[in-house]
Amino acid sequence: MRLSDLYQRFADLGARPIHRDVVIRAWLKGQPLDTGRRHQPTDDFLPKSVRAGLPQLSADLDALARVRSEHPGADGSSRLLVDIPDGQMVETVLLPRDGVCVSSQVGCAVACRFCMTGKSGLLRQVSSLEIVAQVVQARRRRSVKKVVFMGMGEPAHNLDNVLEAIDILGTLGGIGHKNLVFSTVGDRRVFERLPELRVKPALALSLHTTKADLREYLLPKAPKIAPDELLELGEAYARWVGYPIQLQWTLLKGVNDGQDEVDAIVSLVKGKYAVLNLIPFNAAEAEGMPGEAWQRPDDERTVEIVRELNHRGVLSRVRNSAGQDVAGGCGQLRARSVFFTAT
């Protein structure tokens, strides 16, 4: 179901846009559809035909994302295994400090070598309302003021659905524009489409290295855009919307944590409207999970890199992924009950 389908359902029930939007706002808050307005109960506001159709509509919206299991982490995060229609599953992570990380695809086609999500390839796209329904499930459990599109999948490969989800979350959903974070490995369509939106999300670029050949190896199916051009495209959007681009850098021991990369980061990023998020690699601990023997650098090395970069004029910070102890961190998401059933 996409937003246009939902709008048609309301039209078929005889709802005017003002009625429709009140009901959708209630859903997006995680409330019952018949919640009504602050000073006006539903019976005094919605047409009888709309009220009669709400139970079935509620059931259909609930079917978009059903939480099969919840796995709380010690840091206040929680990984949700979510059933979506047709028997597929995605993973959603409730983050500390009122955030949620949503999935935009079942699997992923980019096949980043250090990420579990792409191991099985792309299985299917997630519709705009299936994406939004993950936020609804999160809001039924806790406050959500920030949504990051950093779960399973590459948002640029499901662009129409992701942008539609961003639009409704940034309008009827009440999420601040800069608290909607579109994450991508880099795709020229993203830089063309984002400026056209009425909701202007923040942008996060998965960079991981300054070396074009190494990046092509680490992200084998990402668009072949050189790191310097990618940063130029991203920074132009960041300056246009007024909040810095977030550069994501998964730290891999012996791969992209050397002094040569530190020096190249300074040359590439210094003076740019950007912040560098250094993410120590999150190992896939699950027995039998395929993957290469990647390692995270020692903590001392990570701190050393951050200190040097900040001292040399590159705003940098360590971003330790939430939910690592429940396999909910960056690079760990993958509907694992599907994986282990299949193997």
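This passage describes the fold of a predicted model, from the whole chain down to single residues.

At the level of the whole chain, the model contains 11 helices and 12 strands. The chain has 343 residues, and 53% of them count as buried. About 14800 Å² is exposed, and 49% of that area comes from carbon and sulfur atoms. Contacts that span long stretches of sequence are well represented: among contacts with a separation of 6 or more, 68% involve residues 24 or more positions apart.

The sheet is a good place to begin a tour of the fold. Ten strands form an open sheet in the order E1-E2-E3-E4-E7-E8-E9-E10-E11-E12, and their pairing is mixed. At its edges lie strand E1 (66–72) and strand E12 (316–318), each of which pairs on one side only. On average, neighbouring strands of this sheet are turned by 20° against each other, with direction ignored. Helix H8, made of residues 227–241, packs on the sheet and touches strand E9 (202–206) and strand E10 (245–251). The direction of H8 makes about 140° with that of E10.

Both kinds of pairing can be followed strand by strand. As general background, strands of a sheet pair through backbone hydrogen bonds, either parallel or antiparallel. An antiparallel example is given by strand E2 (residues 78–83) and strand E3 (residues 89–95), which are joined by six bridges. Within this pair, Leu80 stands opposite Thr92 in E3. Parallel pairing is found between strand E7 (residues 146–149) and E8, with three bridges. Here Phe149 stands opposite Phe182 in E8. E8 also runs parallel to E9, and four bridges join the two. In that pairing, Ser183 faces Ala204 in E9.

How covered are the strands E8 and E9? Strand E8 (residues 180–184) is largely enclosed by the rest of the structure, because five of its five residues are buried. The cover extends to both faces of E8, with Leu180, Phe182 and Thr184 buried on one side and Val181 and Ser183 buried on the other. E9 is likewise mostly covered, five of its five residues being buried. From E9, Ala202, Ala204 and Ser206 point one way and Leu203 and Leu205 the other way, and all of these residues are buried. Phe182, which stands opposite Phe149 of E7, is thus one of the buried residues of E8.

Among the helices, H4 (residues 128–139) deserves a closer look. This helix has 12 residues and reaches 17 Å from its first C-alpha to its last, close to the 16 Å expected at 1.5 Å a residue. H4 is mostly covered, with 12 of its 12 residues buried. In an α-helix there are 3.6 residues a turn, so residues three or four places apart point the same way. The buried residues of H4 include charged or polar names such as Glu130, Gln134, Gln137 and Arg139, alongside Leu129, Ile131, Val132, Val135 and Val136. Gln137 is found in this helix and is buried, with a relative accessible area of 10%. Leaving aside residues up to four places away in sequence, Gln137 touches Ala65, Arg66 and Val67. Gln137 and Gly30 are 107 residues apart in sequence, yet their C-alpha atoms are 6.8 Å apart in space.

Another pair of residues links the N-terminal helix H1 to H4 in the description. Ser4 is found in helix H1 (residues 3–12). With a relative accessibility of 48%, Ser4 counts as partly exposed, since that value falls between the 20% and 50% cut-offs. Ser4 and Ser128 lie 124 residues apart along the chain, and 9.9 Å separates their C-alpha atoms. Ser128 is one of the buried residues of H4.

Finally, the cysteines were examined. A search of the whole structure finds zero disulfides. Cys108 is in no disulfide, and its nearest cysteine sulfur, that of Cys112, is 6.3 Å away. For a disulfide, the two sulfur atoms would have to be within 2.5 Å. Is Cys108 buried or exposed? Cys108 is buried, with a relative accessible area of 9%. Cys101 also counts as buried, because its relative accessibility is 8%.

Note on methods: Residues numbered from 1 in each chain as written. Predicted model: local features only at pLDDT ≥ 70, side-chain atom pairs only at ≥ 80, totals over all residues. Heavy atoms only, no water. Pairing = 2+ DSSP bridges. Axes fitted to C-alpha atoms, helices over the stretch in contact; angles between N-to-C directions. Contact = heavy atoms within 4.5 Å. Buried < 20%, exposed > 50% of the residue type's maximum accessible area, 1.4 Å probe, protein only. Areas by Shrake-Rupley, 256 points an atom, 1.4 Å probe, with all protein chains shown as cover. Expected span 1.5 Å × (residues − 1).
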